[in-house]
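Work through the exercises below with the model open beside you, and try each task before reading its solution.

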Amino acid sequence: MIQHWHQAFYYIGLYMLIIFGGQAYMQTRNRFELRRTLAAWNVFLAAFSIFGLCRTLPELAHVLKEFGFTHSVCNPSFIEEVKVSGFWTWMFTLSKVPELGDTIFIVLRKQQLIFLHWYHHITVLLFTWYSYTEHIAPARWFVVMNYFAHSLMYTYYAMRAMRIKVPRFVPIIITSSQILQMVAGCFVSYFGYITRRKGEFCQLPDNIANYALLMYASYFVLFARFFYNTYLSPPSKSKKID
């Protein structure tokens with residue numbers, strides 16, 4: 001990743017070309033249904049996220065219990081010493097490329113493509129690939145939280161694609177969990193930053209801490225706005241979870 005993380009820019013360039021070029025192409029054409037394919041796609045991503053959560057959460061819980069919160073934020077043992085969580089962190093990093101495929105379904109099915117959706121995909125890919133080169137310790141938190149949110153989100157999407165009726169409170173809980181994830185991401189990033197500033201060891205370079213704070217803060221604003229538009233404002237507003 002140290003040598004090749006910049007290849008993420010090529011994936012992003014191709015991604016932008018496909019989704020916005022695809023939107024222009026689909027303007028004069030009928031939408032594709034793709035319901036079965038979409039259901040299979042979301043089932044696969046849900047299963048991947050659930051399995052990733054099951055393989056990384058125990059390490060986080062163990063570290064919190066045995067060594068405390070500061071260790072969980074500042075010591076990268078999860079990726080350098082523990083093979084299981086190290087492997088699933090690597091899988092998490094790589095998975096940000098195939099996850100771009102979510103947007104292709106939106107384009108082909110002629111659904112509304114909101115800024116939050118593609119901005120989120122692009123910045124997560126860039127951040128995870130770049131920060132992986134430093135084995136940042138707070139990634140222990142980032143990975144577990146993202147696996148958890150995606151476990152809920154992709155399961156919900158799969159059920160919708162299979163026309164399974166889901167109560168309204170379910171997507172509200174999912175979006176709320178995403179907002180809480182952004183708050184926690186900001187807190188963990190800031191905690192690591194100030195710990196390092198105090199002269200204590202913390203595997204979180206200042207530049208990556210700044211990127212993480214900017215990224216999570218922007219996500220918080222966008223998800224909070226999405227929550228308001230979707231669940232609190234009149235029904236005419238956007239109705240799609242990113």
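**Exercise 1. Annotated spans.** Which residues does UniProt list for "transmembrane region"?

Solution. Keep in mind from the start that this is a predicted model. The UniProt record, an unreviewed entry, lists residues 9–26, 38–57, 113–132, 138–157, 169–193 and 208–228 under that name. Now take two of these spans and look at the chain itself. Residues 138–157 are 95% helix and 0% strand, with their end C-alpha atoms 28 Å apart, while residues 169–193 are 100% helix and 0% strand, with end C-alpha atoms that lie 36 Å apart.

**Exercise 2. The nonpolar cores.** Find how many residues the largest nonpolar core has, and say which element gives the largest share.

Solution. The largest nonpolar core has 42 residues, and among those with the most contacts inside it are Phe-127, Trp-141, Phe-142 and Tyr-216. Next, ask where the core residues come from: the elements that give two or more of them include α2 (35–66), α7 (115–132), α8 (139–161), α9 (169–197) and α10 (206–232). The largest share, 11 residues, comes from α10. To see the surroundings of one core residue, follow Tyr-216, which, apart from its neighbours within four places in sequence, is in contact with Phe-142, Met-145, Gln-181, Met-182, Gly-185, Cys-186 and Ser-189. Finally, a second, separate core of 13 residues includes Ile-12, Ile-106, Leu-113 and Leu-125.

**Exercise 3. Two aromatic pairs.** Describe the geometry of the pair Phe-20 and Trp-118, and then that of Phe-69 and Phe-191.

Solution. The structure holds 25 aromatic pairs, and planes over 60 degrees apart count as edge-to-face. For Phe-20 and Trp-118 the centres are 5.5 Å apart with 85° between the planes, and the pair is edge-to-face. These two residues lie in distant parts of the chain, Phe-20 in helix α1 (residues 8–26) and Trp-118 in helix α7, 98 residues apart. For Phe-69 and Phe-191 the centres are 4.9 Å apart and the planes stand at 65°, so this pair is edge-to-face. Because Phe-69 lies in helix α3 and Phe-191 in helix α9, the pair ties together parts that are 122 residues apart in sequence.

**Exercise 4. Buried or partly exposed?** Classify Phe-20, Phe-69 and Phe-191.

Solution. The cut-off needed here is that buried means under 20% relative accessible area. Phe-20, at 34%, is partly exposed, and Phe-69, at 27%, is partly exposed. Phe-191, at 19%, is buried.

Terms used:
Residues numbered from 1 in each chain as written. Predicted model: local features only at pLDDT ≥ 70, side-chain atom pairs only at ≥ 80, totals over all residues. Heavy atoms only, no water. Core = buried A, V, L, I, M, F, W, Y, C linked by side-chain atoms within 4.5 Å. Buried < 20%, exposed > 50% of the residue type's maximum accessible area, 1.4 Å probe, protein only. Helix = DSSP H or I, 4+ residues; strand = E, 2+ residues; numbered from the N terminus. Contact = heavy atoms within 4.5 Å. UniProt positions renumbered as here; feature names shortened; annotations may be inferred. Phe/Tyr/Trp six-rings, centres within 6.5 Å; stacked < 30°, edge-to-face > 60°.
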